[in-house]
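Biologist: Let's go through this one together. I'll keep asking how you know things, and you show me the reasoning.

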Amino acid sequence: MSVPLNLREYEQRARELLPQATYDYYAGGAGDELTVRENEQAWAGLRLRPRVLVDVSACETATTILGQPVTFPLLTAPCAFNQLAHPDGELAVACATAAAGVIQTLSTMASRSMEEVTAASTGTRWFQLYCHRDREITKALVERAEAAGFAALCLTVDVPATGNRERDFRNNFQVPAHIPLANLVQYLPFGQDEMALHYYASKQFDASLTWESLEWLRSITRLPIVVKGVLTAEDALLAVQHGVAGIVVSNHGGRQLDSVISTADALPEIATAVQGQAEVYVDGGIRRGTDILKALALGARAVLIGRPYLWALAVNGEAGVTHVLQHLHDDLKLSMALAGYPKLSDIGPQLIC
Ligand SMILES: Cc1cc2nc3c(=O)[nH]c(=O)nc-3n(C[C@H](O)[C@H](O)[C@H](O)COP(=O)(O)O)c2cc1C
């Protein structure tokens, strides 16, 4: 069978391979999935203003993210239960990202523990934190992330409750019992009943979290904190005031509040407001090198991809993720060459109509 040419072909192939309910869990979003669709459409709707007769014989994509060198400005987004796509799950993503020279963000809800991922990976990793009502559990997760050598904490702030994912209700979707909540298993009182574990975890997320909670988090860790799930300049400024190192402009891939602003539309006001006081990243609907170029032009330092690496994992495990990362890297370099911008530092709003 031929190797997929692009991320859409990976999705089609994954759809053929995965059980329908798993495909729906990955692909779906909240409500009418307006935001899922608009995330992709918003990047597609932006037009570029290329320059010509620029020497683009060498396009340079290497940069840093929170001081860590990366080969190009991309991270894998935290996604729960990578083992639903492939038995190697998060370990395959760890190896593929390390080999590609980009950063992996491991979910609190991962199916491989942070210690297992650390043992498998030589790359830079961030830990995505869901703040638990039981602060002792949160503290324990933070301490473990530090001990395991994670480079940053990525605090997800758009899940005071789980979004209305109707596909999952229709399918009565349940994570199979053999796929564990690997980071949380030791804090759960239910023994081997995995479904009870998942239920418990979803009940554990702290809906009373506020900006003050960030102060508490900062007081218990020396790691830089990145907040994920910001969509307005107002919140971006509050994040800066509370000392974050980075902000991920994200609507959780359209899985939380349906009909919120697309991330491509939210990014410019946030980048303008932040004025370099924190690094700004964006995710949601990034599918092409041109999407990365547009995100950088609108003020992002890097992008995150979610579903595309899950499709690749489902199609071909670690090799699939490696291929998708290589494909996006090549596509970014080609887009920079054709747009007449061989250096990341020259890419700016003038590139967008
Ligand atoms: C199956 C799935 C699981 C996810 N799990 C998490 C999670 O555990 N924590 C989190 O912060 N975001 C989670 N997200 C959101 C992603 O981190 C990211 O924001 C989103 O997928 C980006 O959009 P994209 O899929 O269009 O690239 C998940 C997304 C998907 C598709």
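Modeller: Leaving out neighbours within four places in sequence, Tyr-281 is in contact with Gly-246, Val-248, Val-249, Ala-300, Arg-301, Ala-302, Val-303 and Leu-304. Keep in mind that the model is predicted.

Biologist: Why is Tyr-281 called buried?

Modeller: Count the C-beta atoms. Tyr-281 has 25 C-beta neighbours inside 10 Å, and the buried label starts at 20, so Tyr-281 counts as buried. Tyr-281 sits in strand E9, residues 279–283. Its C-alpha is 8.6 Å from that of Ser-250, although the two are 31 residues apart along the chain.

Biologist: What does Ala-300 touch, beyond its neighbours within four places in sequence?

Modeller: Its contacts are Leu-267, Ala-271, Val-280, Tyr-281, Val-282 and Ala-295. Ala-300 is also among the residues with the most contacts inside the largest nonpolar core, along with Leu-153, Ile-247, Val-249 and Val-303. That core has 107 residues. Helix H13, residues 307–339, supplies its largest share, 14 residues.

Biologist: How do you know that Tyr-23 is buried and not exposed?

Modeller: By the count again: Tyr-23 has 22 other C-beta atoms within 10 Å, and 20 or more is enough, so Tyr-23 is buried. Tyr-23 belongs to helix H2, residues 20–27. Not counting residues up to four places away in sequence, Tyr-23 touches Ala-14, Arg-15 and Leu-18. The C-alpha atoms of Tyr-23 and Ala-85 are 8.9 Å apart, with their positions 62 residues apart along the chain.

Biologist: And what makes Ala-177 exposed?

Modeller: Ala-177 has 12 other C-beta atoms within 10 Å. The exposed label takes 12 or fewer, so Ala-177 is exposed, right on the cut-off. Ala-177 lies in the loop between helix H7 (166–171) and helix H8 (194–204). From Ala-177 to Ile-261, 84 residues apart along the chain, the C-alpha separation is 36 Å.

Biologist: Why is Leu-66 called partly exposed?

Modeller: Leu-66 has 19 C-beta neighbours inside 10 Å. Buried needs 20 or more and exposed needs 12 or fewer, so Leu-66 falls in between and counts as partly exposed. Leu-66 is in the loop between strand E1 (63–65) and strand E2 (68–70).

Biologist: What makes the phi of Leu-66 worth a remark?

Modeller: Its phi is positive, about 45°, and Leu-66 is not a glycine. Most residues other than glycine have a negative phi. His-252 also has a positive phi, near 60°, and is not a glycine either. His-252 is in the loop between strand E8 (246–249) and helix H11 (263–274). With 25 other C-beta atoms within 10 Å, against a threshold of 20, His-252 is buried.

Biologist: On to the helices. What makes up the contact of H1 with H13, by class?

Modeller: That contact has 10 nonpolar residues, no polar ones and 2 charged. Helix H1 (residues 7–17) contributes Leu-7, Tyr-10, Glu-11, Arg-13, Ala-14 and Leu-17. Facing them in H13 are Pro-308, Trp-311, Ala-312, Ala-314, Val-315 and Val-324. Glu and Arg count as charged, so the charged pair is Glu-11 and Arg-13 of H1. The helices pack at an angle of about 115°, their axes 7 Å apart.

Biologist: How do H12 and H13 cross, left-handed or right-handed?

Modeller: Right-handed. Their axes come within 7 Å and cross at roughly 65°. The contact involves Gly-289, Thr-290, Ile-292 and Leu-293 of H12, with H13 residues including Leu-328, Asp-331 and Met-336. By class, the contact holds 7 nonpolar, 3 polar and 1 charged. Asp counts as charged, so the charged one is Asp-331.

Biologist: Last one: which residues surround the ligand most closely?

Modeller: The closest are Ala-77, Ser-107, Thr-156, Gly-253 and Gly-306, out of 23 surrounding residues. The shell divides into 9 nonpolar, 10 polar and 4 charged residues. Gly is counted as polar here, so Gly-253 and Gly-306 go into the polar group.

Methods
Residues numbered from 1 in each chain as written. Predicted model: local features only at pLDDT ≥ 70, side-chain atom pairs only at ≥ 80, totals over all residues. Near = placed C-beta within 6 Å. Helix = DSSP H or I, 4+ residues; strand = E, 2+ residues; numbered from the N terminus. Core = buried A, V, L, I, M, F, W, Y, C linked by C-beta atoms within 7 Å. Contact = placed C-beta atoms within 7 Å. Axes fitted to C-alpha atoms, helices over the stretch in contact; angles between N-to-C directions. Left-handed = near helix turned anticlockwise from the far one by under 90°.
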